[in-house]
Structures are given as structure tokens and as C-alpha cells.
Amino acid sequence: MRISDAFQAFFRVLGGADLVDKATLPPPSEPTTPEPDPETEKKLVEAEAKLAEAVASLTAAEDAQTEAAEVQFRDGAVYGLLLLQREGRLIDFLQENVDDYEDEQIGAAVRQIHRDCGKVLQENFAMTAIVDESENEKTVVSEDFDPSAIKLTGKVPSEPPYKGFLRHKGWRATKVHFPTRSGKIDPTVVQAAEVEFI
Amino acid sequence: MSQYIIGIDLGTTNIAVSYLNAEEAEEAVPELFAIIQITDQGERDKRATLPSFLYLPDDKEVSKKALDLPWAAGRDYCVGAFARKNAQLLPGKVISSAKSWLCAQNVDPDSKILPWNHEDPSRKISPVTATQRFLEHLRDAWNDSIGADDAKAKFQKQDIVLTVPASFNAVARDMTMQAAKKARLEVTLLEEPQAAFYSWLQAHNENWRDRVAAGELILVCDIGGGTTDFSLIKVTDEGGDLDLQRVAVGNHILLGGDNMDLAMAYGVAARLLEEKGMKLDQYQIAGLTHACREAKEVLCADASAGPQKLTVLGRGSSVVGGTVTTEVTMEQMQESLVDGFFPLCSIDDSPQQSTKAGLRTFGLDYEADPAVTKHLAAFLSRHGDELPAAILFNGGVTKANALTSRIVETINGWRGKKDLTVLEGTDADLAVAHGACWYGNVRQGNAIRIRAGSAHSYYVAIESSMPAVPNVSPPVAALCVVQFGMEEGTSQEIPYSGLGLVVGETTEFKFFGSADRTEDNAGDILSDANRDDLHNLPSLSAKLPVEDKNTPAGTLVPVRLRAVLSEIGTLQLWCLEEGGSKREWKLEYEIRDAEPSDNEGKEAEE
């Protein structure tokens, strides 16, 4: 790696495009192959040492950033559960042993849980069908389809047109809207315990 | 000129804000401002409305910084959704219906009394301060979004119209203005039913004149979550063009949709106890009330709807096991809501005035009689023989067809013919905010304006001269200073001499208002002020400075009174020196800052 390239990469990561312009070495007008002399060699070694140090700290910063992103991701996932529990009691329902209840009793609770959780899906995730057509009817998949959004099964043709039957219309969260959180909140809490004083 | 015109519907249970760009005023349609607020501890989000609840927690109840907002670090209270959520779980810590406390009788709205049941008196605040907190929240939420980057877009720089119940008397309006002033806002007040009517005018801007006729009376029937408000608007012919005049407003009726949901829930709870021996706790009643509201909406919208399931999930983690389920039929809804709250009645009916009713749980003067139609009959009878030819519904309750058609049926019964026109085209939940916004536009001369006069008459007490009798205090007479219908934005001198101020001393006048006495003229004297149709307002006082050598301390200066009724319905009374140097002194409301003594609290509760 040429040193100017290394610097450029370093500054691009650290500070964005503006810094890169100022830091680009050498300027275009200078000779491209200067005579090696001991002074320059020494400076080069020093600069490379500094560069290695900078790259190490950059890596550490990136690791910290990755970890922060992971924490955020994890907290966000738990928060999604929190919303489904708070508005729709979903965790209570899934955690409960329903073996001993009559279907009628379960049905009564589910009807309410279903309605309330549905509101969360709409308001916080805007859940919509990926292929908004009737299931088990003929459909045509466009040539440039995204395999992560549409899964082809059965005898998949090698060339378009991809004509098949829609077996599942798919679901997509078209937005993820979470309220803003602040203050000293334990992110692992899905439902706070409640103690009443009477 | 301001950049925006903002309309605020400061509701008893919900606050809505709408705005329009002032430069596009003529074509602009008001838009709703989504209000960021605390939705749970440590969580904030935007909502279409701000619930009018204020939560004052203990340190133990919420985590540190959990009520902070981008503009407020270390907050120890919150308003909005989270406060409402706690209203039932922590009833002593949450203020609700602050607005109704502004006009509660025998309660000083500037004294620290709320939440009524709070155990720590040092945490209590006044209804005025609560109102101020709501307005500050709107100001800061706006300045955190629309007003964030541009000094000219700041909330306090805009033309703001704030709605109040038409039943608000001059003192309650003055208190609202003080709350706005403390929130550093300059606002214009507008009566809510008028605001709803402005929203209708806006919806029919081109052709409203084709929909009503000169001489007709229009009833605005506003049934919100906590209160019901009536107004009458007269269509008049002014040289060939139609004009509008608000001719009457009703009393502050503390009866609304929340009462209806509760009534249904308690009916169902009583049936569960009777039939299954099941007793519900407060938490389950809250869940049941919510389920009843949803069932009510379905049953009232569709006359052919079958029985509606009511489900109350278990409170603990055993959600299925603890679930209670029942149903409510069309007949039961009809009985508890339509016949319970809107019974067919005669125009001569009036609501029962019993003071021992179930709804009376704390200091507010809840209605003893839940029959909205009887309150309506009494209101219309008070204001002459003429019946409305058209009706405009407003408020969440009026989205229910079963209820509005019962009101129409009742009025048609009184009219003796089935021809009451229902004015349509407004949004029952947002018309007041939108209409307030539109009124801001109207004030700039862009559309027709409703003329309004004072909806109350006002009186000051004067001691009648009679021989002194031991142990008998002389009856106090009442001098009318503002007559019903006095035009807003005018002033008048009261043709009565016989009042005096003592130099160097504070002279206090007892002050009364009435929504019922429509025939008195300024200067008339009622021989006894202690009567049912006058209610007490905070006293007025004036203090003459000792400044003039010719009138040393203790001198009696004869004065006359001048009443000034502002455009927004607030009232100023001035004392004018008779003869001499023609000096003037303003009478100020006597507002006490002190805590209420136990005695006062009880008085208000009774």
C-alpha cells in the first residue's frame, strides 16, 4: 500500500471527504519518484509507526461502535416485545400454560390479545403484504425480484416469465417506529412487576 | 403578521392543536399538530392529541430522568398519555379535569388544591398552574419541531386562538388568560361551540348561506369526554346579507362520554355480580370501561349490530386464566345510554337538582341528573319560546348515530314537526381546534365572523341601608353592572351613584354572576343577593393611594362604576371619581395564594 493511499483511506474513514482533499499526498505537481535518502527513510518509518498506531485505535473504535450497534439492536428487539406485551399482553399469553383451559376461555382472551397486538403491528411496523394478491391464485414474479423477499419453490423455471401460484403473500415491516427512550431505564425489562399498596 | 395561525382546543380530557400557514390563509386547510409527550416512563412519542392529565409522582414511582423531555431535564411531573395511564392506578397523584376546576363554584382557581386527593400538600398546584403547564408543553413541543430552526416560527410569535367553554364566566376566562400569560403566550379566547361552528363555516365557505335561512336559530350541541356545552346562534338578515349572532350559552354541565362509558361498565359489573357472583376490582373496571367504549361505538353506529363481546383480561401474568368475559346487547346499550342519558322528555322538563348522587365523588360539581335531553330542555326554555331549526353536533359522543338521532327525535318532538336540519361536514373530534384556527383567519378579515354578547350578567354587592338590628346582618343587594348580551369589545358606565371608596384603605366588593338572568339591565338592583340564580365569584377590591393633600386618608370618595367587556369575554370594572379630579381605579379580583384550609376544602366538597 502506498503511503498516500493509506493516509487517504485513514482520513476517509475518520473524517469524510473534506479531509481527504486536504490530506492527499503528494500533490500532483511534485515528482512521483523522489531520490531515497536516509532522512526521508527515517521519516517514512516514523510515519508508518504512527499509522499502525492510528489504525489500531481506529479498529478499537470500530469494535466499540459495532458493540454499541449490537447493544442497540438487542435492546430494540426486547423493546419490540415490550410494546407487544404492554399494549397486547402477548408475552403473558405465550408464557402462560394454557393446557388446562377450555378452548372457550382461551378464545375469549385471544380475541382481545389479537386485536391489541394487531394495533401494535400496524402503528409501529406498518405490516403489509409483499405480494398483495389472493393466495392460491396465479401470479407472475418480475424478472428482477429479490430472493430475500420472494421465495420460489417447486419446479422453478430456469428462464422468465416466472408464472406460479401465490402460496403465501409474505409480510414486510414497512416502517419501524419506536418511541424515543431516555433516562435510566433497564432495557431488559419487558413488563415491570407491579406491587399495589392498599 | 405571524407566520402561522394556531388553534388550541384545550379540552377537559384531550387537547388538540391545529395550525395553518398565515400567508396561504384563504386557501389553507388547518392541519393537526402532532404533540410529542411522555408516553411511558423514559419514553416519548408524538400523538395526535395531548390528554389533559398531569402526573405528579413521588421520587420512588419513576426512574431518574424518566420524565425528561428534550427541552426539560430533571422534570418531576409530566402531562399527556403517561399521566392519563396513571390516572386510575395512582388517582391521588394525577390531575384531571383541571379546566372544570377553573370555573368550579366556591373554589379559588388560583389556590393549590390539585390533585384533590394528593397526600403531600407541598406537591399540590392550582388549576391555573395546571393549565399553564399544558400550554407550556404545547409551546415547547412546537418549538422543538416546527419552531426549532426559525425565530419567526416560535410558538409565542404566532397568532394563537385558545378555546374555552361557552359557559366560562368572566373570571374563568380571566384565569385562562393568566395561565396563558404565565406560559408567556398572548392568546385570543373563543368559545368552543362557536369554534365548532366556524369549522362548519369553513367546510361550507362557498355556500353556507344556502344551508340556513334568516331568522333561524341554530343549536350547537357539544358533548365531549367530560362536559356538555350548548350554544344558540341566530341567523339574522343585515341589509340583505346573512349575519350570525351567538345569542345564548348554557351552564357548565359536567356530563360527557366518560360518564356514559362508566355507566355502561357499572351496569355490566352489577350484572356480573348478580349472575355469576363475580366482583371486579378497580383495574378490571377500568378494562371493562375501555371494552364498553368500543362496544358502544359499534352498537351506536350500526342499528343491526348483534351482541358485543366484552373481555377483561386478567391483571396478573395469568392473562388467559384471569380473563372475564361477558357481552352487551343492543337492548342493554339502549337502556343504559340512550334512555339513561337521552330520555325522551318534554320541553318543560328540567334536570333534577338532587345533591346526593352517585357521581359526586370529589370536589367538582358533577351533575346530579345524567339526562342530557333534560339539561337541553332547561337551556332552551330559559332562552325563550323559539326552538332551533338546525343543529350542529360536536364532540366524540356525537359520532354515535343512536345518540344523535335520539336528540334530533327529542327536538322534533318539541317542534311538533320532523324538520330539524342536521348540519354536517365537520370532524366531531377536531372541529374545535380547526375552527379556532379558522377563527384566527376570520379575525384577519378573511371570512364571516359570529357576533357575540356577554353570556352572563354580573353584579356587585352593595349594602342596603336599613336600620341596624342586633344579630341580623342587613341583606346585601346586588347591582347589575353587565347585562346579558352586552356586546363584547364595548364599555359602559353604570347609572348608579351611591358607591364610595375610602382613601388609603382597601375597599372590597362582593361579585356575582348569573347565566340565567337575561332581563336585568345595567344599574338594576336586586334587593337580595342571596338567591339561587346568582353565584359567587371572587371578590373585587380597589385601594386608593394616599397621594392628594385635599383627600387625606379616611376620606370617602364617591365613585361610579364603568364596565369594560373585552373582545374575548373578560371583564374589567373601573371606579370613576365623581366630580373633582376624575381619577380612575381598576377593581382587581381578590385571588388568594394561600393553601385552602380544611374547612374550605369541605365546603367545596359538599
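A salt bridge is taken here as a side-chain nitrogen of Lys or Arg within 4 Å of a carboxyl oxygen of Asp or Glu. By that rule, in this predicted model, 6 salt bridges run between chain A and chain B, and 37 turn up over all chains.

One of the pairs across the interface joins the side chains of A:Arg115 and B:Glu294, with N and O 3.3 Å apart. Salt bridges also link up into a network made of A:Arg86, A:Glu87, B:Asp40, B:Glu43 and B:Lys85. Polar contacts add to the picture, with 20 residue pairs between chain A and chain B, both partners at pLDDT 80 or more. On the chain A side, helix H3 (38-88), helix H4 (90-95), helix H5 (103-125) and strand S5 (180-181) each bring at least two residues to the surface that touches chain B. H5(A) gives the most, with 9 residues. Sorted by class, this side of chain A comes out at 10 nonpolar, 6 polar and 11 charged residues.

As for overall extent, the contact draws 27 residues from chain A and 28 residues from chain B. About 2,300 Å² is buried between the two chains, and carbon and sulfur atoms account for 46% of that area. Strands meet across the interface as well: S5(A) pairs with strand S5 (residues 43-47) of chain B in the antiparallel sense, over 2 bridges. Within that pairing, A:Arg181 has B:Glu43 as its bridge partner in S5(B). B:Glu43 also belongs to the salt-bridge network described above.

Chain B has salt bridges of its own. B:Lys93 and B:Asp58 meet through their side chains at 3.4 Å, N to O. B:Lys93 sits in the loop between helix H1 (81-89) and strand S9 (94-95), and B:Asp58 in the loop between strand S7 (54-55) and strand S8 (78-79), so the pair ties together parts of chain B that are 35 residues apart in sequence. B:Lys93 is buried, at 14% relative accessible area, whereas B:Asp58 is partly exposed at 25%.

Another pair reaches over a stretch of 213 residues in sequence: B:Glu238 lies in strand S13 (residues 228-238) and B:Arg451 in strand S19 (residues 451-452). Their closest N and O atoms are 3.7 Å apart. Both ends are partly exposed, B:Glu238 at 43% relative accessibility and B:Arg451 at 31%. Finally, B:Asp533 and B:Arg531 form a salt bridge at 3.0 Å, N to O. B:Asp533 is partly exposed at 22%, and B:Arg531 is partly exposed at 32%.

Key:
Residues are numbered from 1 along each chain as its sequence is written. Chains are lettered from A and ligands numbered from 1 in the order in which they are written. This is a predicted model: local features need pLDDT of at least 70, side-chain atom pairs count only at pLDDT 80 or more; totals for chains, interfaces and linings use all residues. Side-chain values use heavy atoms; hydrogens and water are left out. Helices (H or I, at least four residues) and strands (E, at least two) are DSSP runs, numbered from the N terminus. Buried means under 20% relative accessible area, exposed over 50%, partly exposed in between (1.4 Å probe, protein chains only). Contact means heavy atoms within 4.5 Å. Buried area is the accessible area (1.4 Å probe) that two parts lose on being put together, summed over both. A polar contact is a pair of N or O atoms within 3.5 Å; within protein, one must be able to donate a hydrogen and the other to accept it, and residues adjacent in sequence count only if both atoms are side-chain atoms. Ala, Val, Leu, Ile, Met, Phe, Trp, Tyr, Cys and Pro count as nonpolar, Asp, Glu, Lys and Arg as charged, and the others, Gly among them, as polar. Two strands pair if DSSP finds at least two bridges between them.
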